[in-house]
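Hi,

Here is the structure I promised to pass on. Have a look at it first, and then read my notes below.

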Amino acid sequence: MTPQVAQAVLKPLTFRADQRIVSLIPTFKAAQLAPLVAPATRIARAAPTPAAGRRMGAILLCPADPEIAGLLDGLGQIVQLDAESDLDACWAVTGL
């Protein structure tokens, strides 16, 4: 989904505290997402490059999480990042 509709789509949904959230919403920071998915607190942001459609290329993941990386592994090469600022920089460099 796009950042413009994220709140309208997520607000009526119910999340559990034990759920993990993997967001593919570009430019939507984890801090912006947190109140929309509460009480869930484990939030990761991911960004597959266009080549992931062919199971090639990079998939950016932040923060690093071995279990989520394992889930996405078959789609391309997982690049795990520790800081959201690194994710944003990679998005800019790759044109995402």
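Let's start with a question: what do the buried residues of α2 pack against? Keep in mind while you look that this is a predicted model.

The answer is α1, β1 and β2. The residues of α2 that are buried include L33, L36 and V37. They sit on the same side of the helix, because the arc they cover around the axis is only 85 degrees. Turn to the other side of α2 and you'll find A31 and P35, which are exposed.

Now for the sheet. In general, strands of a sheet pair through backbone hydrogen bonds, and they can do so in a parallel or an antiparallel way. Here we have an open sheet of four strands, in the order β1-β2-β3-β4, and the pairing is mixed. At the edges are β1 (20–23) and β4 (77–80), each of which pairs on one side only. From one strand to the next, the twist averages 25 degrees. Helix α2 (residues 30–37) packs on this sheet and touches β1 and β2. Its direction makes about 125 degrees with that of β2.

If you want to zoom in on one pair of strands, try β1 and β2 (residues 42–48): they pair in the parallel sense, over four bridges. A handy spot to look at is S23, which stands opposite R45 in β2.

Next, the inside. The largest nonpolar core has eleven residues, among them A6, L10, F15, I21, L33 and I43. Both α1 (3–10) and α2 supply at least two residues of it, and α2 gives the most, with three. F15 is a nice one to click on: leaving aside residues up to four places away in sequence, F15 touches L10, I21, L36, V37, A38, P39 and A40. There's also a second, separate core of nine residues, including A46, I59, L61 and A69.

Two of those F15 contacts, A38 and P39, bring me to the last thing. Which kind of peptide bond joins A38 and P39, cis or trans? That bond is cis, with omega at about 15 degrees, and P39 is in the loop between α2 and β2. Another cis peptide bond runs from C62 to P63, where omega is near -5 degrees. P63 lies in the loop between β3 (58–62) and α3 (66–72).

Over to you, and have fun with it!

Cheers

Note on methods. Residues numbered from 1 in each chain as written. Predicted model: local features only at pLDDT ≥ 70, side-chain atom pairs only at ≥ 80, totals over all residues. Heavy atoms only, no water. Pairing = 2+ DSSP bridges. Axes fitted to C-alpha atoms, helices over the stretch in contact; angles between N-to-C directions. Contact = heavy atoms within 4.5 Å. Core = buried A, V, L, I, M, F, W, Y, C linked by side-chain atoms within 4.5 Å. Buried < 20%, exposed > 50% of the residue type's maximum accessible area, 1.4 Å probe, protein only. Arc of directions from axis to C-beta.
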